[in-house]
Structures are given as C-alpha cells and as structure tokens.
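Subject: Handover of a structure

Dear colleague,

Please find below the structure I said I would pass on to you, together with its sequence. My notes on it follow directly after.

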Amino acid sequence: MSRLGKYTRRAFLGLGVAAAGGLAVGYYFYQKPYANPLDAKKAEGETPFNPYVMVDADNTITIITPRAEMGQGVHTTLAALVAEELEVPLEQVVVEHGPSSPAYYNSSMLEESAPFPFYDESVLAEMARGSMKIVAKFLGLNMTGGSSSMTDAFVKMREAGYAAKYVLVKAAAEHFGTSEENLTLADGTITDKASGKSVTYGELAHKAAVISPPSEMKLKKAKDWKILGKSQKRVELKEKVTGGRIFGIDVQLPDMLYGTVRMAPRKGVSIKSYDKTEALAIPGVKDVVEIKTIAGEGLGVVATNTWAAFKGAEALEVEWEDPLSLQNTDQMWSALENALTQEATFELGGTGSDVEVFTSIPESEAVSVQYRVPFLAHATMEPMNATAQHDGSTIRVWTGTQAPGLIQSVVSSHFDMDSADIDVTTTRLGGGFGRRLEVDFALYAAVIAKATAPHPVKVTWTREEDTQHDTYRPMAIGEFKGQVTPDGTLKTMDMHVASPSIIQSVMPRIFPGISPAGPDNTVLDGAFNQPLDVENIRCQAHVADLQVPLGFWRSVGNSINGFFHESFMDEAAHKAGKDPLEFRLAHLTSDEFLPAREVLKRVAEMSGWGTPLPAGKGRGVAHVLSFGTWTAQVVQVDVTDNTVTIEEVWAAADPGIVLDPGMFKDQIMSGINFGLSQALGQEITWADGQVEQANFDTYDAMRMYQAPKITIDLLENSPRMGGAGEPGTPPSTPALANAIFAATGKRIRQMPLSNEIDFI
C-alpha cells in the first residue's frame with residue numbers, strides 16, 4: 001500500500017536526483033568539518049578538543065551545549081551525552097551555550113521536514129531525509145526547534161566525549177609509561193593501577209590535544225550507561241532559584257541605554273507620518289529612531305530607563321499606511337472558505353488512487369464535518385528583548401534566541417557587513433515555543449544601537465507590543481468527509497485543510513534570496529502523516545494568503561491538524577457505534593504502527609478506560625504521532641451546570657529511546673498544559689487591521705487552579721528516536737473535546753472551546 005501522494009513522488013524524485021548530483025560535486029566540502037569555534041575563543045590554559053569539549057589546566061571541564069535552554073532541560077541532557085562518554089559526573093562539568101557557529105548546525109531539524117511520515121522507511125523517504133541533511137550541513141543552521149535537539153545530538157555529542165577521552169587516555173599511558181589497559185578513569189582523573197598514581201584531565205590536556213583523534217568511535221552500549229537513561233538534576237537549577245542573571249532581560253552593560261519599539265500594526269504596513277514631540281517631553285526619553293527592516297517598520301524609543309521608553313512609545317503620534325485588504329477576522333474566514341472551493345494547492349500522503357471513491361460516498365455512510373482553529377500568539381513569559389552594541393565595525397547582540405546563526409545572517413545583511421563581524425551571545429530563554437526562532441527583536445535592537453553608538457542599548461517590548469506583533473500560528477479550516485461501512489469500518493477518509501503557509505511567510509524575512517519550493521508540510525502535519533489503516537485516504541492543502549505574519553508555534557501544524565484528525569476519528573467511531581479507543585486500534589493493525597497500538601493500550605490501562613463514570617463526567621482519547629514520538633492521551637472532565645473542570649490527564653509516549661525520563665515527562669506535561677490553554681480561551685482576532693488582544697487579560701493561559709492532575713508513562717517500542725518538547729501538545733485538545741462530548745453529547749468543532757462552553 002503506497003503512502004505517498006503524487007506530488008511527493010514528483011517533488012522528491014527530482015530532489016533526490018539533485019541532491020545526489022550535489023553530493024557528487026560537493027562531497028569534499030560536505031565531509032569537511034567546520035572550524036572549531038572554541039579555538040578562537042579559548043583563554044590561556046584552556047584546551048578545546050572539539051566544538052563540544054574544552055579542558056582547562058586547572059581541570060575545569062567545559063561542555064558546550066549549543067541548543068537554546070528555554071526551560072526544557074536541554075542543557076542538562078546534552079551535557080549528559082558528552083559526560084557519559086568522557087567518564088565525568090554532571091556535577092563536575094561547566095555547561096555553556098557556546099558561540100554562534102555553523103559547527104553547531106542542526107541536521108535533524110531539516111531531516112524530518114521532508115514530506116514523508118516518520119514511519120515511512122522507503123528508499124525514497126530515506127533519500128529525501130538524506131538530502132535534507134546535506135542542505136542542513138551546507139546552510140550551517142544552528143537552531144533549536146522541531147523537538148530535534150536530542151535526535152540531532154545523540155551520536156555527535158557522545159562521539160565528542162569519546163574522542164576527548166580517547167586522546168586523554170593515550171596521553172596518560174604515555175605519561176605513566178604503561179598501556180591503556182592499566183588505567184582507570186573516574187571524576188576527571190586517570191589512575192595507573194600499578195603505581196596508584198593519578199593525573200587529572202587538565203594536567204594532560206595540552207599533551208592530549210596533539211594526539212590524533214580516533215578513527216573508530218566505540219560508544220558505550222545503553223546497558224553500560226551511568227548517567228543517560230536516568231533522571232538528572234538540571235544544571236541551571238541553582239541559578240534559577242537564586243535569581244541568577246541568566247536571561248536576556250537580565251543583561252547589564254556599562255553606559256547602557258534602554259529602549260522599546262512601536263511597530264506597524266501589520267507586516268507590509270509603513271509609516272505615513274509621526275510626531276515625536278510628546279515622546280521627547282517624557283523625562284528620560286533621549287531619542288526616537290526610525291526602523292525600516294525586512295522584518296517590519298516602525299519606531300524605536302531610546303531612554304535612560306525602560307519605563308521612560310515605554311511611556312515615550314505611548315506618547316508617539318503615528319499615522320500608518322495600510323494597503324492591506326483583509327482587515328478583520330470574518331474576512332479571513334471567508335478567504336479560507338473560498339480556498340476550500342478552489343483546486344488544492346498540493347496533496348501529501350494518501351492511500352488508494354481512484355478519485356471517484358472520494359466523491360461517491362453513500363450519504364447513509366458519510367460523516368461530513370468541518371473544524372476551525374484561530375490564530376494563536378506565543379506569549380512567552382519573558383518579554384521579547386535584545387541588547388545590542390554597534391561600534392562602527394562590529395555589532396554585538398545579547399539575547400535569548402533559538403537561532404543565533406539567523407540573527408547573525410540577517411543583521412549582517414541589513415548593515416551590509418560580514419557575518420563574522422556580528423557577535424551573538426545566547427542567553428537562557430524565558431520561554432520560546434518557536435517565537436524566538438524569529439530575528440525581529442534582535443534586528444530592531446541592532447538598528448537602534450547604531451543610533452546610540454557607542455552606548456549599548458537594551459530594547460524591551462511591552463506585553464502589548466509582543467501580543468500584537470507576533471508571528472502567529474495560522475488560523476485554519478479542516479473539512480473532513482469519511483465513509484463508515486455498516487460493519488463499523490472507516491473505509492474512506494477525505495481531508496481538506498485551508499490555511500495560509502507558514503513557510504511562505506517565514507522565508508522572505510529569513511532567507512529573502514531563496515524562494516520557497518515544494519509543499520509546505522506544516523499545512524498538513526498531523527493529518528497526512530498519521531498512522532492509520534484505511535483503504536482510501538486523501539489529504540489536500542488549500543493555501544490562502546491572509547496577509548498576517550506567521551511563525552512556528554509549539555508543534556506547528558500538528559497542533560492544528562491533531563485537533564481536526566482526532567476529533568474526526570471520534571466522530572467516525574460514534575457513527576460506527578464503536579468505542580473510540582477500540583475503533584482506533586482496529587485501524588492500526590499494520591506492523592509499523594505497533595508503537596501507536598502500545599501507547600493507546602497503555603493509556604487505557606492507566607486511565608481505567610471503559611470503567612463506568614458518574615453522570616456529568618466523561619473521558620476522551622486521542623493519539624497523534626509528531627516529531628517522532630507516538631503520544632496517546634486520555635482526558636477526564638466533569639461537566640456540572642454546563643461548566644467544565646478538566647480533572648485528570650493520562651499520557652503514554654514512545655520516543656524510542658528515553659535519555660532522561662524526568663526531563664521527558666516534564667516536557668510532555670508542559671506540552672499538555674500548553675495545548676489545553678488554547679482550549680480555555682486563547683485566540684487572536686483582527687479588527688480594523690489590528691490585533692484585538694493586548695495583554696494577559698485578553699490572552700491568558702491556563703492558571704494553576706485550572707490545571708489537571710497529569711500522569712505520564714514512557715514506552716520504548718519505536719525503532720527510531722523521537723523528540724520531547726512538542727509531542728505532548730497535539731493530542732490534548734482533541735482528547736478534551738472528545739471528553740466533553742462523552743460527558744454531554746455536545747460536539748465542539750471550533751477552538752477555543754470556551755466560545756461554546758464555560759470552564760472553571
């Protein structure tokens with residue numbers, strides 16, 4: 001049974017040939033490693049062994065963890081990968097983010113962007129993934145996203161630890177005049193068993209650095225792991241609980257000024273006129289700077305403190321040009337409805353090839369429904385901010401970013417400077433969720449810094465500015481039609497998704513010289529690539545430009561289509577007269593879908609699925625495969641006086657390999673609460689060309705008293721490794737909606753659910 005759509009075959013046969021050709025031509029450059037950035041940064045006494053390991057003469061062992069730490073614990077687990085092979089405890093190492101460099105490129109993030117389901121291991125799918133790895137290497141993208149940090153680092157960072165240990169042991173053997181077999185390693189020290197004498201890694205580092213690295217990597221087997229596979233204490237825990245200055249908003253520099261921005265209400269809108277008289281009259285306000293960049297246009301206010309800058313921005317009188325035609329949310333829904341009537345932009349996945357089966361479903365067997373989700377903002381808890389300093393020949397930027405390399409690239413392009421002259425220091429992030437993959441906040445700070453030179457300037461956004469100038473998760477409509485035969489089998493599933501394209505929005509402001517080509521998976525992720533044994537499946541995208549800046553929001557398209565797909569599966573089960581969980585299992589019989597079956601069975605055991613509940617209570621189930629992790633959830637609700645209490649959530653997830661069970665469960669739990677928050681009232685709407693929401697009073701998240709009890713179990717049946725940061729989000733909303741249906745018989749097909757029912 002083919003799972004490839006026609007577009008997929010055409011596009012990636014071509015891409016595969018092109019990549020193969022490129023590989024042949026550029027093989028030397030592809031194999032050649034990037035320069036070790038630590039060589040240029042090292043202090044006296046420090047010896048870098050590779051981009052991830054540096055040892056000081058005083059035996060300080062530094063591990064570079066190049067992915068953004070935004071609360072997910074990534075620095076702890078990445079450091080654990082190196083420490084495991086280096087034979088040192090986590091408590092003994094210093095963990096740093098490291099400089100911006102292509103040496104830290106993330107190949108997994110692009111690898112899984114190929115339009116093939118995670119479980120598809122065909123030659124074509126593997127060729128496409130291989131092609132994307134080549135692209136990632138040449139682009140040198142140092143980015144954090146796509147739940148890819150562990151899958152990308154799992155081999156390369158363990159190899160970094162092993163390679164450093166290899167040369168240190170060689171140096172120790174030479175130092176003691178003995179063989180390597182007579183040495184023992186513990187806590188950064190190597191001991192000669194015969195003499196009992198010891199030497200530290202630091203004392204050997206200089207000598208070890210000139211020894212050739214190993215030609216063969218002999219990494220530990222999982223059964224021999226001492227650190228990996230066990231829950232670890234976070235390496236940044238002390239700084240967090242003691243208020244250490246670790247976030248971008250904590251940056252303090254000598255002679256620093258402060259600023260904020262007031263940007264155009266929509267991308268593509270310019271300043272018609274402005275008057276800065278009232279702003280300059282605010283005590284502390286020093287200047288108003290025009291900002292005109294590829295990311296947006298507006299004004300920056302410079303002051304002696306942040307509060308004065310905020311008040312100055314409020315006092316600005318600005319008149320904006322507005323050439324855009326779509327001014328409100330109703331117009332945008334109409335544009336999506338119209339897109340659904342047009343020929344599909346592209347198609348992915350699918351089974352069966354006879355178009356007739358999708359247009360001839362008997363009415364008595366048909367399930368025809370439409371679902372909707374609104375725009376969503378990221379609402380990171382730490383306000384958007386960046387500090388910049390322009391000294392004429394170099395620009396330094398300090399900020400919490402998921403993409404330091406992109407900041408380097410875009411800032412250098414804006415100022416027509418060499419990217420080597422843009423230095424980015426990555427701080428820890430007070431929440432990212434995809435928002436800090438963007439470059440606007442750093443670019444605006446750099447523009448303002450040119451006006452304040454030589455003084456550095458810290459530019460902080462107000463909550464209102466952030467909410468109304470985000471790059472949003474797109475609104476979308478999912479139109480589904482299925483055929484359920486009299487014996488209760490889902491025979492046909494026809495899915496049409498109308499949405500703007502995230503990729504078409506992102507690319508012009510990140511890579512203006514590259515035109516997006518091929519299908520944008522994000523429109524159909526969570527629909528076309530779900531495990532499902534159904535005779536006929538079609539999944540088509542209808543792309544419409546709604547003139548709104550879009551970005552990657554936690555779990556991206558999976559958060560949209562997971563709601564559509566799993567709500568529909570529940571409706572199909574109801575049509576079939578089947579138990580929703582048993583109905584899913586009946587359509588997951590292929591061998592490759594074993595992980596899906598096992599997480600569904602496990603979550604059923606955990607939740608007591610099928611046991612009677614009192615009146616007013618209900619349970620809903622959903623399963624979504626996203627970012628390589630198979631995740632099933634059951635939500636239990638109580639509905640009293642038409643008010644919903646989310647009582648409990650059970651989740652079973654299978655990422656194939658669990659490196660830190662505590663950290664992984666934390667991420668699944670976080671993803672569940674993040675997903676449920678949207679059901680409780682989150683939506684971004686537009687009126688007169690502007691976002692209507694501004695602060696947490698109009699765009700809130702789930703509060704502590706609303707948060708359910710959550711129980712999580714992890715399985716390891718999947719043949720390939722998956723991620724942790726996002727897979728908890730997509731199943732949460734359909735499981736909740738299905739639970740409300742089970743309790744009340746009320747089917748809610750549009751987010752936020754709070755528009756149709758109240759939550760406590």
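I begin with a small piece of strand pairing, where L185 has I190 of strand 6 as its bridge partner. This is a predicted model, and what follows should be read with that in mind. The pair belongs to an antiparallel arrangement in which strand 5 (residues 183-186) and strand 6 (residues 189-192) are joined by four bridges. Two residues lie between the strands of this hairpin, and D187 adopts a positive phi near 55 degrees there. Strand 6 also pairs with strand 7 (residues 198-200), again in the antiparallel sense, over three bridges, and T189 finds its bridge partner in T200 of strand 7. In that hairpin there are five residues between the strands, with G196 taking a positive phi near 80 degrees.

Further along the chain, seven strands make up an open sheet of mixed pairing, and their order is 10-11-8-18-15-16-17. Its edges are strand 10 (285-292) and strand 17 (422-426), each of which pairs on one side only, while the twist from one strand to the next averages 25 degrees. Within this sheet, strand 15 (residues 385-390) and strand 16 (residues 395-399) run antiparallel and are joined by four bridges, with T387 having W398 of strand 16 as its bridge partner.

Two helices deserve a mention alongside the sheet. Helix 11 (residues 306-315) packs on it, touching strand 8 (257-263), strand 10, strand 11 (297-303) and strand 18 (457-460), and its direction makes about 25 degrees with that of strand 8. Helix 15 (residues 440-452) lies across several strands, among them strand 8, strand 15 and strand 16, and runs at about 35 degrees to strand 15.

As for annotation, the unreviewed UniProt entry lists residues 242-324 as "domain: Aldehyde oxidase/xanthine dehydrogenase a/b hammerhead". Over those residues the chain is 17% helix and 37% strand, and the end C-alpha atoms stand 48 Å apart.

Finally, you may want to look at the second largest pocket, whose volume is about 870 Å³. Of the 35 residues lining this pocket, V94, V95, E96, H97 and R428 are the closest to its centre. The elements that contribute two or more residues to the lining are helix 3 (38-41), strand 3 (61-64), strand 4 (93-96), helix 9 (237-241) and strand 17. Sorted by class, the lining comprises 14 nonpolar, eight polar and 13 charged residues.

With best wishes

Technical notes:
Residues numbered from 1 in each chain as written. Predicted model: local features only at pLDDT ≥ 70, side-chain atom pairs only at ≥ 80, totals over all residues. Heavy atoms only, no water. Pairing = 2+ DSSP bridges. Axes fitted to C-alpha atoms, helices over the stretch in contact; angles between N-to-C directions. Contact = heavy atoms within 4.5 Å. 1 Å grid on protein atoms, 1.4 Å probe; cavity = no way out; pocket = protein on both sides within 12 Å on 5 of 7 lines; lining within 4 Å. Points joined across faces, edges and corners; volume = space filled by probe spheres on them. Nonpolar A, V, L, I, M, F, W, Y, C, P; charged D, E, K, R; others polar. UniProt positions renumbered as here; feature names shortened; annotations may be inferred.
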